[in-house]
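Got your viewer ready? Let's walk through this structure one selection at a time, with a short stop at each place.

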Amino acid sequence: MFSEFPFTVDSKTGELFAQGIIDRESKSSYKYQVLANDFGEPQLNSTADVIVEVIDVNDEPPRFYTDPYLAHVQENLDPGQKVTQITAYDSDSGNNGLVFYKLGVGHNNKFYIDSKDGTVWTLSTLDYEKQAFYNMTVIAYDQGTPSLSSTAKLWVTVADTNDAVPEFSKAVYTLEVAESRQPGDIVFKLDAGKGDFKYALLNTDEIDAFDVDGSTGDIRLVKALDSVQQSHYRLLVEASVDSDPPKSDTAEVNIIVGTGHGVRLFPSRLYEVTVFENRLAPLVVLDLNATDEIAHKPVLYSIVGHDYNGLFVMEADTGRLTVTASLDREKRDRYSLKVRAENVGRHRFGREISRSGPIRSTESYHLAFDEALVVIEVGDENDNAPIFEVQGRPIVAAVPLEASFGYQVLRITAKDADMGYNSAIRYEIIRKPEDASTKFHIDPVSGVVRSMVTFALDGGRIYGFDVKATDREGSENGHSAVANVFVYVLPETKLVLFVAGRTPLAIEQHVDKILSYLSNLTGYDVKMAKLEPHHDGEYEDRESTDLFLYAVHRDTNDIVDTETLLNALEQRSELIVSNLDSFNIQRIQGVSVQEKISQMGTTEIAIIALSSVIFLGAVLGIALLCSSCKKRKVRRRHTSWEQQRLYNIKNPLMGKSIGNPYGSRSTPNGTVDNIKAAYANGDLSVPDYNDSLGDNQSMKRNNRRSRQQVPPDGASSLNPSNASPKFEKYNKNDSQWYDMRDGADSIASGFSGASRFTSWSSRRNNNPVTEL
C-alpha cells in the first residue's frame, strides 16, 4: 500500500504526510484527489486534485553496462586508433545524471578516453613484443553534489602482426655467371633479413633466362646462356611481407655472362649523388662495393686522377667514397671523380663516356670496364643573407617636384648567393612613425618603390626610410638585410635636361643603357628623375623626348650639384652625341626659372595671374578696413567731446571749475602725463583743482572761456567750424604762441613744451598774446 501511495492526509487539518521511503527513480510524481466533508444535514463535500512532484537528489552513482570491457588492437598502428567505447548510465536527473569518463590506473600513457562520449583511443604505437596486454580501470562520475562515481575494468589485448621489415643489404648486386652453367642451377640467393618474406621477379617480361623462388629467394637459371646473343642481364627483385600496412623492399641484380673467373665491373657507368654544403666531415658520400658477390681475387678500389687535394678519399677495401671537409656550394657546386675497382693482374680495356645530359659538360672521359664516373652535386643551404647592390651605403634617389601618386621613385635590388627557394628575395618597407615610410610603397617581388603622396609643396626636402630584404620568399626563418633610403625632392631647375630626337617609348626601352654609359663617362651614378615628350613653350613634340637627369656622388653618396653635373656632361658632349647617336641627342642643358615659365601653357599662366590678383585684392581690402576702423574711432571721440561741450555751455560754473584746465594756478592732483593721456583718450575725469572760485581774476577768465572748450586732438581737424574763434588764429610752437590765421589746431595741442601744464596767468606773462 505504501509503495503504491506513500502519503496520508490528516482528516482534521488536511496536512499531507509521507509514509515510508519515496524513491524518485521508481516514481517521479503522484496524483490524487482530496475529499472534504462537512457535518451538516444533508452532508456536503468537495474534491481537489493534488500532484506531488518528487525532487531528485544525487543518490544514484553511474552504472556500467558491462564489466570488464574487452578490446583488441593490432600492434604497429599509428596513434589515434579507436580501441572501444565505454558507456555508463545514471538514473538521476539533471547534473546528477550527467556522466563523464576518465582513465584510472594501467594505461601507461598509451591510451586516452574522451570524457564526454567514453571513446578510448591510442596515444602511441603499440608493440606486441614489449607489452601484449593492458589491464586498465575506467571511472564514470556524475556532476552532482557530491559527485558519485563507479569503476569498471578495460582489458586491451595487443594483436601480434608480422612486423619484420624486408631490407636488402645492397641496392645493387653485380655478379658473374659462367656461360657453361646448366638450367636449374642456383646462381644467387636473395636475402632481405629475418622474416617470412615473399620474393618475386618484377621484370619478368624482360627476363626469360632466370627465375626467382618466392619462398627462398633463390635465383635459378631456366635456360642456357649465350654471351654472343646477350652478355648482361638486369633483374629487378622484390621482397615483401603480409602486414598492415604492407612492407617491401626492392633491389637490382646485374648478371654478367662470362667465363666464371670473376669479372670486376661497376653496375653503372655513371653515379650522381647530392651532398649538402656545411655538413660535418668526414661524411660517406657513396658506397661502391657492389661488385664482389662472386669474387675470385681481392678487389682494389681507388680514385683515378684528381681527388681535389685530398677532399675525397676512397677506402681501398670497401669502396666507400668519403668527403673529408665540409663543402661550400658558393665556392664550387660540382665535383667529378673517376673511380676504379680492379683485380690485380687482369688486362684492362675500356670505352669512352661522354659527359653529356645531366652532367652538363662537353668533356669526355675514357672509362675502362672496371671504372665509373661519380658526379657530386653540392646541395644548397640557406647560409647567405641578401646583399644590397649599394654594399652597405645608403640608397639615394630623387623625385621631381611634379611627381604624383604612383610615381616610380627607384628600383631596389639585392642579391643572394644561395639558389632556388633560398635566394628568393622579398622586399618590405619598415614602418616607423617618425620617418617617411608611409609616403612610399615597395613591390615585394620587384623592389620597385613608388610614391603614395604628391610633393608639390616639398621642394628641397629629404625623406628617409628603411627597406628590408628577406630571402626564402620573406619567411620568418629567412635571412634579412636592411638598407637606408633617402629620397630628395628636386624641382626641374635642379635637374639636367637631355633632349633626344626619339619617341619617349624608344628612349624608355633603352634608358638603362643611356644611364650606364653616362655613369661610366662621368664617374657619377647618373639616374633618371622623369621622362616625358619634349615641350617647346606650349608646343608638345611627341617625336622627341625630354630626359631629366640627376646624379649621385659615388664617394660621398650625395646628390651632385646641377652645375657640376652639367659641366661634366658638357665637357664630354661630343663623345655623348657620338656614342649615343642612335638616340639623336639634340641638347644638354640645365633648366632655368625663365625657361620653366616659358614652358608654361596659357592655363598655367592664367592661374598664376589670377592668384596674384586675388592676393593683392586681399591686401588692399585689409588696408581699407584698417583705415575705416581708425576713422570710426576718431568720430566716436569727437561725438563724446561735442556732448561735453554742450553740457558746459548749459552749466557755466561747471565749465569754470572742470571744463577749462587753464584757469588753475597750479597743477591738478595727479601727474601731468596722466592728464595729457586722459585728454587724448577723451575720458578725463573731474580733477581736484587748487584754483578757488573766489579768485576774481580767475573767475573772469573762466567765464570768458566757459563756452570755448577745446576738443581732443584730431577732433578740431575734422570739425574746424566748431573751434573757438577766439583762439583760431593762434598756435604754439616750442612754448611760444604764434599767429596762424589759417590754422585749425586746438589749444590742447599746446600742452607740449617745457612748462607742460601751467596756469593761464603764467602763460600770459611769459608769452604775451593779444586777446581778441
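What follows is a tour of a predicted model, going from a pocket to salt bridges, then to some backbone details and a surface patch.

**Stop 1: the largest pocket**

Begin by selecting Leu410, Arg411, Asp512, Leu515 and Lys527. Of the 32 residues that line the largest pocket, these are the closest to its centre. The space in this pocket comes to about 1,200 Å³.

Now colour by secondary structure. Which elements each supply at least two residues of the lining? They are the strands β31 (395-400), β32 (408-411), β40 (525-536) and β41 (539-552), along with helix α3 (511-522). The top contributor is β40, which gives seven residues to the lining.

If you colour the lining by residue type, you should find 17 nonpolar residues, six polar ones and nine charged ones.

**Stop 2: a salt bridge that starts in β40**

Stay with β40 and select Lys530 together with Glu402. Their side chains form a salt bridge, with N and O 3.5 Å apart. Because Lys530 belongs to strand β40 and Glu402 to the loop between β31 and β32, the pair ties together parts of the chain 128 residues apart in sequence.

Is each partner buried or exposed? Lys530 has a relative accessible area of 11%, so this residue counts as buried. Glu402, at 39%, is partly exposed.

Before moving on, select Arg329, Glu330 and Asp380. Salt bridges with shared partners connect these three residues into one network.

**Stop 3: two more salt bridges**

A little chemistry helps here: side chains of opposite charge can pair when their charged atoms come close. The model has 20 salt bridges by the N-to-O distance rule, with a cut-off of 4 Å.

Select Lys198 and Asp242 for one of them; the closest N and O atoms are 3.4 Å apart. This pair also links distant parts of the chain, 44 residues apart: Lys198 sits in strand β16 (residues 198-201), and Asp242 is in the loop between β19 (232-241) and β20 (247-258). With a relative accessibility of 48%, Lys198 is partly exposed. Asp242 reaches 58% and counts as exposed, since the boundary for that class is 50%.

Next, pick Glu60 and Arg63. In this salt bridge the closest N and O atoms are 3.1 Å apart. Glu60 is buried, at 17% relative accessibility, whereas Arg63 is partly exposed, at 38%.

**Stop 4: two cis peptide bonds**

Switch to a backbone view and select Glu41 and Pro42. The peptide bond from Glu41 to Pro42 is cis, with omega near -5 degrees. You will find Pro42 in the loop between β3 (29-37) and β4 (45-53).

Then go to Asp67 and Pro68, which are also joined by a cis peptide bond, here with an omega of about 5 degrees. Pro68 is in the loop between β5 (63-64) and β6 (69-74).

**Stop 5: positive phi angles in loops**

Which phi does Asn76 have? The angle is positive, at about 65 degrees, although Asn76 is not a glycine. Look for Asn76 in the loop between β6 and β7 (82-85); with 27% relative accessibility, this residue is partly exposed.

Asn108 is another non-glycine residue with a positive phi, about 55 degrees. Its loop runs between β9 and β10 (111-113), and Asn108 is partly exposed at 45% relative accessibility.

**Stop 6: Ser93 and Asn58**

Select Ser93, in the loop between β8 (88-89) and β9 (99-103). This residue is partly exposed, with 34% relative accessibility. Add Asn58 to the selection and check the C-alpha atoms: Ser93 and Asn58 are separated by 8.3 Å, while lying 35 residues apart along the chain.

**Stop 7: a nonpolar surface patch**

For the last stop, turn on the surface and select Phe615, Leu616 and Val619. Together they form a nonpolar patch on the surface, with about 320 Å² of accessible area. Leu616 belongs to helix α7 (residues 602-650). Why does Leu616 count as exposed? Its relative accessibility is 56%, and exposed means over 50%.

Note on methods: Residues are numbered from 1 along each chain as its sequence is written. This is a predicted model: local features need pLDDT of at least 70, side-chain atom pairs count only at pLDDT 80 or more; totals for chains, interfaces and linings use all residues. Side-chain values use heavy atoms; hydrogens and water are left out. Patches are made of residues with over 30% relative accessible area and no salt bridge: like charges are joined within 9 Å, nonpolar side chains (Val, Leu, Ile, Met, Phe, Trp, Tyr) within 5 Å. Accessible areas come from the Shrake-Rupley method with a 1.4 Å probe; for residues, only the protein chains shown count as cover. Helices (H or I, at least four residues) and strands (E, at least two) are DSSP runs, numbered from the N terminus. Buried means under 20% relative accessible area, exposed over 50%, partly exposed in between (1.4 Å probe, protein chains only). On a 1 Å grid over the protein atoms alone, a cavity is a set of points where a 1.4 Å probe fits but cannot get out, and a pocket is an open set with protein on both sides within 12 Å along at least five of seven lines; lining residues have an atom within 4 Å of a point. Grid points are joined across faces, edges and corners, and a volume is the space filled by probe spheres set on the points. Ala, Val, Leu, Ile, Met, Phe, Trp, Tyr, Cys and Pro count as nonpolar, Asp, Glu, Lys and Arg as charged, and the others, Gly among them, as polar.
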